[in-house]
Amino acid sequence: MSRSTLQAFLTTARNALRAPPAQRAKPLTFVVGNESADLDSLCCAIVYAYIRSHTAPHALHIPLSNLPRADLGLRPEMAAVLQHAGLAPADLLTLSELPDHLQPDETRWLLVDHNCLTGPLKRFRDRVVGCVDHHVDEGALPGGISPRVIEPCGSCMSLVVDECKPAWAQLLQGADDDIPAGEQDRLVKLALAPILLDTINLTAEAKVRPKDPQAVRFLEAQIREPGFTTTSYYEQISAVKEDISGLSFRDILRKDYKQWEEGGLELGISCVVQGFEYLLEKADTKQAFLEELAAWAAERRLDVAAVMTTSHPGGSFHRQLLVWGTTDRGKDAVGRFRDIGRPLGLEQWEDGGLDGDDGDGGNTRFAWRQANLAASRKQVAPLLREALKEGK
């Protein structure tokens, strides 16, 4: 494939999906992030697919956003980053564009920002041919895949940049002749955004790994825009991401959400970019907040519902965690988690202000401040899943 703009590349990918089955390329090669479809996942899929499509062996890689098209509206920070890349949400390909009746043997999958296909894409698990991820290895990948990069890092994008450096350098050769002015900056900004957000502009010491600043330095060196600074860029995107004032509670809880089945139980974890204090104020009352969370747990048929928050009161970084057992077995799992979760440094939040147990075999709920600030959902989810699994 000759060098194209990001928009032209996404148009080519869309046309490949729309082709009649008899004319469709086989197999189709997809690059897809995880089902929370956060900024890291969405940007990694586009950047990695673009680089792989434009460098040897020049096979089209289709970036797929792992969410229905209707849910793109819950990610204003993605819209802001896309604008910097000369794109709009309408340019992205989502689960809604996946062809009906697509068979696994008609596909190949490269995973970014996760290492196990779940949800609607679970049936394609045996067709995974590569993975670049910074989560705990779930042991679900087929043998012999390439690349197979699974290691801790502040942002998965940092691993994508590291994996793609030789190809990116190849892509840059002759770029002045092949692409319009500013297109190189657009690709770089798409890659920079999730690294800066996930590492709080490289200041989150507990999260940053060596490949994060290395990736930022590599990307900064490619920027041609006069006066561009990563700090200003980070502040613009961060302000958009943390503004959830216009979202309903259901949208807040599903905006950055992941769900697992473990030991015959369903676990759902919502990540929210504001603390419990904000959520309670938005709901007006504690009871109203709990009713919203209970309704979400019922909609998703959860045995255990969890909410993880991040916030920056007074400029310092805070994490909070609420875990709620909504069935008898879920209640038992929450009890086990209280011991398993000790490495998280859990401290009771506001004298038990959100804790609850009706004492009649009903729901059990605990809310904590999380002293271990390095532990994001990547670390918390495996502990919760272990608590569910032990009850089998």
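Q: How many residues of domain 1 are in contact with domain 2?

A: Contact here means heavy atoms within 4.5 Å. By that rule, 18 residues of domain 1 touch 18 residues of domain 2. Keep in mind that this is a predicted model.

Q: Where does the chain divide into those domains?

A: Domain 1 runs over residues 6-241, and domain 2 takes 249-388. Their C-alpha centres sit 29 Å apart.

Q: Now the sheet. In what order do the strands of the open sheet come?

A: Don't expect the order along the sheet to follow the numbering. Here 5 strands are arranged as β2-β1-β3-β4-β5, with parallel pairing, in an open sheet. The edges are β2 (61-64) and β5 (148-150), each of which pairs on one side only. Going from one strand to the next, the twist averages 25 degrees.

Q: Let's zoom in on one pair. How many bridges join β3 to β4?

A: There are 4 bridges between β3 (residues 107-112) and β4 (residues 128-133), and the two strands run parallel. If you want a spot to click on, Trp109 is opposite Val128 of β4.

Q: Which strands does helix α1 touch as it packs on the sheet?

A: Read a helix on a sheet in two steps: who is touched, then at what angle. Helix α1 (residues 6-18) touches β1 (28-32) and β2, and its direction makes about 95 degrees with that of β2. Helix α4 (residues 156-172) also packs on the sheet, where it touches β3, β4 and β5; its direction is at about 115 degrees to that of β4.

Q: On to the empty space. How many cavities of 30 Å³ or more does the structure hold?

A: Just 1 cavity reaches that size. Its volume is about 120 Å³. The lining is made by 14 residues, and Glu77, Lys255, Asp256, Cys271 and Val273 are the ones nearest the centre. The elements giving two or more residues to that lining are α9 (249-255) and β7 (265-272).

Q: What classes of residue line the largest cavity, and which domains do they come from?

A: By class, the cavity lining has 8 nonpolar and 6 charged residues, with no polar ones. Domain 1 and domain 2 each contribute at least three residues to it.

Q: And the largest pocket: how much space lies in it, and which residues are nearest its centre?

A: The pocket holds about 920 Å³ of space. Its lining counts 48 residues, with Asp38, Cys271, Ser376, Arg377 and Lys378 nearest the centre. You've met Cys271 already, among the residues nearest the centre of the largest cavity.

Q: Which element gives the most to the lining of the largest pocket?

A: That's α13, with 7 residues. Among the other elements that each supply at least two are α2 (39-54), α6 (183-198), α8 (230-241), β6 (257-262), β7 and β8 (304-311). By class, you get 14 nonpolar, 14 polar and 20 charged residues in the pocket lining. Both domains take part again, with at least three residues from each of domain 1 and domain 2.

Q: Last topic, the backbone. Which residues are joined by a cis peptide bond, and where do they lie?

A: Most peptide bonds are trans, so a cis bond deserves a second look. One cis bond here joins Lys26 and Pro27, with omega about -5 degrees. Pro27 is in the loop between α1 and β1. Another cis bond goes from Ser146 to Pro147, with omega near 0 degrees. Pro147 belongs to the loop between β4 and β5.

Q: What is the phi of Asn201, and in which loop is Asn201 found?

A: Most residues other than glycine have a negative phi. Asn201 has a positive one, near 55 degrees, though this residue is not a glycine. Look for Asn201 in the loop between α6 and α7 (211-220).

Conventions: Residues numbered from 1 in each chain as written. Predicted model: local features only at pLDDT ≥ 70, side-chain atom pairs only at ≥ 80, totals over all residues. Heavy atoms only, no water. Pairing = 2+ DSSP bridges. Axes fitted to C-alpha atoms, helices over the stretch in contact; angles between N-to-C directions. 1 Å grid on protein atoms, 1.4 Å probe; cavity = no way out; pocket = protein on both sides within 12 Å on 5 of 7 lines; lining within 4 Å. Points joined across faces, edges and corners; volume = space filled by probe spheres on them. Nonpolar A, V, L, I, M, F, W, Y, C, P; charged D, E, K, R; others polar. Domains from an automatic or database assignment.
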